[in-house]
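Here is a quick tour of how charged side chains pair up and how nonpolar ones pack together. Have the structure open while you read.

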Amino acid sequence: MALHLPKPRTTKPAQQAVGLDGLKVSVANAATSGVEKSKQVKSGGLAGLTSKVSVKQLRQELGNEGLRQAAIDAGRTPPSARTLRRWAQQGRIPHPDVLERAQRRAAIERLGGIDAVATKIGRSRSAVSRYRSGETNELRADASKKLRNVKAEDIMKRAGVLRPDGTPKKAVIRVKGGVMVRNGADEGYDYRIRTLDFANSDTPFTSDESRELAAALANDDHARVVALLERHATLDYPENKGFDTYSDQFGFHFDHIDSVHIDWI
């Protein structure tokens, strides 16, 4: 009878992420892309947890004039009504610079407009206006962080992750993917495809962990999502007992992720 040994891991993680407590770790590209793809499954509990919305929704929120203004902000010719209809039908804006400005414009409108955002992040109206138009690519570090936080809070509310009083629902998670366990060596072992039911961990995700996970999803920080899942799998999942730390050299890691499903309870 043939002996099937675990396959040595041949590729190293490529993306940097900041997990809980400021811990910096590397995660695999195939894992982050799996989280991103899972957001497209409406029944997976991740729908709506994204800072990017569809072109159809952008057109509904901004109207034709708002999309035209986004094109003007990008230095392009204002699109005709026919072009706007084609964008909506195809579900894509072919110019990344126009799409980025449309997403910014729509996000600021959802937060109450320029004046409301300026108050929330402690910046002037003109600074927010310049950011919306793309004249300023990024806000100052403190304002950028505040904007990211208020955007995430709004997205989480709209997605039903937060209760009416603002407290987060708890995440009950199932992840399917290729996994490996590393124990101080540069190479780990691929344990093929496994499905992890985090509801069966000795310590389920806490409210604070659930909020951090939802915020990372809302900010499209898929690398941080993977880092949070890996940390919990390393420290609290029953089959992985024996680990007391999580880092690039120690613990449970995803080589790739096929699907993520979350129930918010």
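The notes below cover salt bridges and then the nonpolar cores.

## Charged pairs within a helix

Keep in mind that this is a predicted model. Searching the whole structure turns up 14 salt bridges. As background, side chains of opposite charge can pair when their charged atoms come close.

Start with helix H2, which covers residues 55-73. Here Glu65 pairs with Arg68, and their closest N and O atoms sit 2.7 Å apart. The two are 3 residues apart, or about one turn of the helix. Are these partners buried or exposed? Glu65 counts as exposed because its relative accessibility is 56%, while Arg68, at 18%, is buried.

Helix H4 has a pair of its own: Glu100 and Arg104 form a salt bridge at 3.0 Å, N to O. They are 4 residues apart, again about one turn of the helix. Glu100 has a relative accessible area of 28%, so it is partly exposed; Arg104 has 8% and is buried. Which residues are joined into one network with this pair? Shared salt-bridge partners link Lys52, Glu100 and Arg104.

## A bridge between helices

Next, look at Asp73 and Arg105, a salt bridge whose closest N and O atoms are 2.8 Å apart. Asp73 belongs to helix H2 and Arg105 to helix H4 (residues 96-110), so this pair ties together parts that lie 32 residues apart in sequence. Arg105 is a buried partner, with a relative accessible area of 10%.

## The nonpolar cores

Now for the greasy side chains. The largest nonpolar core has 42 residues, and the members touching the most others are Met156, Ile173, Leu213, Leu217, Phe254 and Ile262. Where does this core draw its residues from? At least two come from each of strand E3 (24-27), helix H1 (29-38), helix H7 (141-158), strand E4 (171-183), helix H8 (207-218), helix H9 (222-236) and strand E6 (250-264). H9 gives the largest share, with 7 residues.

Ile173 is a handy residue to click on. Leaving out residues up to four places away in sequence, its contacts include Leu196, Phe198, Phe205, Leu213, Leu229, Val260 and Ile262. Asp197 and His261 are also among the residues that Ile173 touches.

There is also a second, separate core, made up of 14 residues. Val53, Leu62, Ala70 and Ala74 are among its members.

How values were computed: Residues numbered from 1 in each chain as written. Predicted model: local features only at pLDDT ≥ 70, side-chain atom pairs only at ≥ 80, totals over all residues. Heavy atoms only, no water. Salt bridge = Lys/Arg side-chain N within 4 Å of Asp/Glu carboxyl O. Buried < 20%, exposed > 50% of the residue type's maximum accessible area, 1.4 Å probe, protein only. Core = buried A, V, L, I, M, F, W, Y, C linked by side-chain atoms within 4.5 Å. Contact = heavy atoms within 4.5 Å.
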